[in-house]
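User: Hello! I am new to this structure and would like a close look at a single part of it. Could you walk me through it in a connected way?

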Amino acid sequence: AKITYIEHDGTEHTIEVANGITLMEAAVKASIPGIDGDCGGACACATCMVYVPDEWKPKLPEVETMEETMLDFCEHTEANSRLSCQLVASDELDGIRLQMPESQH
Ligand code: FES
């Protein structure tokens, strides 16, 4: 799937992500600034947060309790925040545009 990551300053990075890979892993591998993924995808660090445009919400899995708890801790959390380590690339997500917060801390 083609995934676009948009930095806080508007810089866009579009990469091809193989199905089954998390959107955090893909960003870290491609050295996209703005996604740290410190905990390696265990839903325990919230440094992989992204903002998902509303029109994509129906295509994403529900927010799990763990993810919700982590997002609660994070100061940049908005209603459309998701942890990108909990989002897995699939054909459904082709073309999705993820906005990244100003910082992951
Ligand atoms: Fe740590 Fe997503 S990589 S919560």
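User: Which residues does Leu23 touch, not counting residues up to four places away in sequence?

Analyst: Happy to help! Please keep in mind that this is a predicted model. Leu23 touches Ile3, Val17, Ser84, Leu87, Ala89 and Leu98, once residues up to four places away in sequence are left out. To see where these partners belong, let us start with the whole chain and then come back to Leu23.

The protein chain has five strands and two helices. Read from the N terminus, the order of its elements is β-β-α-β-α-β-β. The radius of gyration is 12 Å, close to the 13 Å that the globule rule gives for 105 residues, so the chain is as compact as a globular protein of that length. Along the principal axes, the C-alpha trace spans about 30 × 25 × 25 Å. Of the 105 residues, 31% are buried. If you look at contacts with a separation of 6 or more, 68% of them join residues 24 or more positions apart.

Now back to Leu23. The largest nonpolar core has 24 residues, and Leu23 is listed with Ile3, Ala89 and Leu98 as those with the most contacts inside it. The elements that give two or more residues to this core are β1, α1, β3 and β5. Helix α1 covers residues 23–29, and the largest share of the core, four residues, comes from α1. Strand β5 spans residues 96–99, and Leu98, one of the residues touched by Leu23, falls in that range.

Ile3 is another partner of Leu23, and it takes us to the start of the chain. Strand β1 covers residues 2–6, and it pairs with β2 in the antiparallel sense over five bridges. One place to see this pairing is Lys2, whose bridge partner in β2 is Glu16. Five residues lie between the two strands of this hairpin, where Gly10 takes a positive phi near 100°.

Strand β2 itself, residues 12–16, is hardly covered: the count of buried residues among its five residues is zero. Ile15 lies in this strand. With 16 other C-beta atoms within 10 Å, Ile15 is partly exposed; a residue needs 20 or more to be buried. Even so, Ile15 touches Ile3, Ala26 and Ala30, again not counting residues up to four places away in sequence. Ile3 is therefore a shared partner, touched by Ile15 and by Leu23, if we apply the contact cut-off of 7 Å between C-beta atoms. For a sense of scale, Ile15 and Met70 are 55 residues apart in sequence, and their C-alpha atoms are 26 Å apart in space.

One more stop follows helix α1. The loop between α1 and β3 holds Cys43 and Ala46. Neither is a glycine, yet Cys43 has a positive phi of about 65° and Ala46 has one of about 60°. Their surroundings can be described with the neighbour count used for Ile15. Cys43 is partly exposed, with 18 other C-beta atoms within 10 Å, whereas Ala46 counts as buried, with 24 C-beta neighbours inside 10 Å.

To return to your question, Leu23 touches Ile3, Ala89 and Leu98, and these residues are listed with Leu23 as having the most contacts inside the largest nonpolar core.

Key: Residues numbered from 1 in each chain as written. Predicted model: local features only at pLDDT ≥ 70, side-chain atom pairs only at ≥ 80, totals over all residues. Rg over C-alpha atoms; globule rule 2.2 N^0.38 Å. Buried ≥ 20, exposed ≤ 12 C-beta atoms within 10 Å, placed from the backbone. Contact = placed C-beta atoms within 7 Å. Pairing = 2+ DSSP bridges. Core = buried A, V, L, I, M, F, W, Y, C linked by C-beta atoms within 7 Å.
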